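Morning, everyone. Please have a look at the structure on the screen, and I'll talk you through it.

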Amino acid sequence: MGVMQCNRKGCDNILCNKYSSYYGYICEHCFDDLKKFVISRVRMGSYDVPQMVKTFMETPKHSDLNYEGAIERLLEDMFTPATDTETDECNYIVEEILANCRRDTCY
Ligand SMILES: [Zn+2]
């Protein structure tokens, strides 16, 4: 059996059991990524699957991982944990209560 190197850009896998006469070989890992890639785009209203496959095969495997990490960090920065916000709000309420307390009855 010959080498069946994955045709996705940047993928070194040579154990591919899926083949397309148009796109070439694809390994299991890239095939899983491809499914997620296509599903996410169909959900957003794009239906040109052949174009998506073409784009996917031309997207380097490693840069994809970098995007994921960078986007995750960006989103983590955009959304602070909800429990912290609740704590802040509780602290604010407690401070308000203490302020009223001092002003009216406690002193
Ligand atoms: Zn691959």
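I'll start with the overall layout, then take one pair of helices, then one residue.

First, a caution: this is a predicted model. The protein chain has four helices and two strands. What order do the elements run in from the N terminus? They go β-β-α-α-α-α. So much for the outline.

How much of the protein chain is buried? Of its 107 residues, 8% count as buried. Now contacts. Take those in the protein chain with a separation of 6 or more. Residues 24 or more positions apart make up 31% of them.

On to helix α1, residues 28-43. Does its length add up? What span should its 16 residues have, at 1.5 Å a residue? The expected value is 22 Å, and the end C-alpha atoms of α1 are 23 Å apart, so the two agree. After α1 comes Gly45. The phi of Gly45 is positive, near 100 degrees.

Next, the helix pair. Two packed helices are described by the angle between their axes and the distance between the axes. Here the partner of α1 is helix α2, residues 49-58. Their axes come within 10 Å and cross at roughly 135 degrees. That angle makes α1 oblique to α2. The crossing is right-handed.

Which residues meet there? From α1, we have Leu34, Phe37, Val38 and Arg41. From α2, we have Val49, Met52, Val53 and Phe56. By class, this contact has seven nonpolar residues, no polar ones and one charged.

Last stop, Met4. Where does Met4 sit? In the segment before β1, and β1 is 18-20. Is Met4 buried or exposed? Neither label fits: Met4 has 17 C-beta neighbours inside 10 Å, so it counts as partly exposed. Buried would take 20 or more.

What does Met4 touch? Leaving aside residues up to four places away in sequence, Met4 touches Ile14, Cys16 and Tyr25. Look at Asn17 too. Met4 and Asn17 are 13 residues apart in sequence. In space, C-alpha to C-alpha, Met4 and Asn17 are 8.0 Å apart.

That's my tour. Over to you.

Terms used:
Residues numbered from 1 in each chain as written. Predicted model: local features only at pLDDT ≥ 70, side-chain atom pairs only at ≥ 80, totals over all residues. Axes fitted to C-alpha atoms, helices over the stretch in contact; angles between N-to-C directions. Parallel < 35°, antiparallel > 145°, perpendicular 65-115°, else oblique. Left-handed = near helix turned anticlockwise from the far one by under 90°. Contact = placed C-beta atoms within 7 Å. Nonpolar A, V, L, I, M, F, W, Y, C, P; charged D, E, K, R; others polar. Buried ≥ 20, exposed ≤ 12 C-beta atoms within 10 Å, placed from the backbone. Expected span 1.5 Å × (residues − 1).
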